[in-house]
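Biologist: Can you walk me through this one? I'd like to start with pockets and then get to the strands.
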Amino acid sequence: MNLEKSFRPVPDGFEKAMNRAFIQIRQEQRAGKTAKRLSFAMVMAITLLVAAMAVAAAVWGGVLHFSDDWMQDHESITLPQAQGLVQTDLAHYQFGSVKMDVLQAIYDGQELRIVYSLEDSAVINAYPDNPWQTLEEMNLKGFLGSCDGGAIDGKDIYWENDRMIGTQVPGRVLFYKRANLEETLEGKFTVSLYVLAGGAEQPSFVMDAGMAAAAAKRGTAKAYEKDGLKVELISAVFTPLRGSLEVRFTSADNPHDWSLYLPDGTLLSGYMVSWDPEETVQDILFLFDPPQAGWPETLFFKASESEKMEVEIQ
């Protein structure tokens, strides 16, 4: 991965200002000045460095934090262990003047996230705030532009989230894709990205699901049943990216009242994927952000103190 191209260049005059600040610091040291307090030069150097790092980080935070301005809130909340699941430098393709690099991807046993770039060496302008303009100037003959779909081992997948951002590099755009997967993958699997038109062979790369299996925890719970309402936990999986509960409701009541809580009563942020008010028996998927301290041994899925299930995590 080319980290230099992943971040925005520092502002004009930054290097000269940093050099002046460090020269003044060195002069103060040689003059024997004490270090009991930070000099103005040191403060300026630190300020400039932090500012430059902030500018760089604002462009691309990787597959876990692609762009906080664009990503939905629940996707930017992860546990530190998630970094260990990130796989990098996965594939490189050249199509005429357009280069495609699959920079990062992560699979946690439930969802797949990918970041790739397209860069056209024939484009001389950069549009960091307008990636569509960059795409318009690219020589995308035979390209779909963005990735309209994909597949895992030949089986089509649907992108739940699709984002792109521009960069300061002429002719370069970064793309982010996320898909919820219905089946748990094992071993090595091949991901194909549908970026080429016609019947051309699509770019692909291989990932390993082994790390995801080791990082995932599972939960169990006894069913809750009272006054015509039955709530059964079909599956519960907790990873560094998210927690997911598939729950079967047998009732005409609204399942929106149910959510996930920590033992101390803290409500976990999350949402219900789908619900059909016409159905009295249905399986519903709930997705939740991981708590900052990590997944505890016990959670409570409940609508009230009298309507609840204790979920034990192993």
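Biologist: What volume does the largest pocket have?
Modeller: About 410 Å³ for the largest pocket. Keep in mind that this is a predicted model.
Biologist: How many residues line it, and which lie nearest its centre?
Modeller: The lining of the largest pocket has 20 residues. Nearest the centre are L181, E182, R242, E246 and L285.
Biologist: Which strands each supply at least two residues of that lining?
Modeller: Three ranges to look up: β12 at 229-238, β13 at 243-250 and β16 at 281-288.
Biologist: And which gives the most?
Modeller: β16, which contributes 4 residues to the lining.
Biologist: How do the lining residues divide into nonpolar, polar and charged?
Modeller: There are 7 charged and 7 polar residues in the lining, plus 6 nonpolar ones.
Biologist: OK, on to the sheet. In what order do the strands of the open sheet run?
Modeller: The order is β1-β2-β3-β7-β6, so to speak from one edge to the other. These 5 strands pair in the antiparallel sense.
Biologist: Which are the edge strands?
Modeller: β1, residues 86-95, and β6, residues 161-166. Each of them pairs on one side only.
Biologist: What does the twist average?
Modeller: From one strand to the next, the average is 15 degrees.
Biologist: Back to β6. Over how many bridges does it pair with β7?
Modeller: β6 and β7 share 6 bridges, and the pairing is antiparallel. β7 covers residues 172-180.
Biologist: Which residue in β7 stands opposite G166?
Modeller: V173 is the one opposite G166.

How values were computed
Residues are numbered from 1 along each chain as its sequence is written. This is a predicted model: local features need pLDDT of at least 70, side-chain atom pairs count only at pLDDT 80 or more; totals for chains, interfaces and linings use all residues. Side-chain values use heavy atoms; hydrogens and water are left out. On a 1 Å grid over the protein atoms alone, a cavity is a set of points where a 1.4 Å probe fits but cannot get out, and a pocket is an open set with protein on both sides within 12 Å along at least five of seven lines; lining residues have an atom within 4 Å of a point. Grid points are joined across faces, edges and corners, and a volume is the space filled by probe spheres set on the points. Ala, Val, Leu, Ile, Met, Phe, Trp, Tyr, Cys and Pro count as nonpolar, Asp, Glu, Lys and Arg as charged, and the others, Gly among them, as polar. Two strands pair if DSSP finds at least two bridges between them. Axes are lines fitted to C-alpha atoms, for helices over the stretch in contact, and angles run from 0 to 180 degrees between N-to-C directions.
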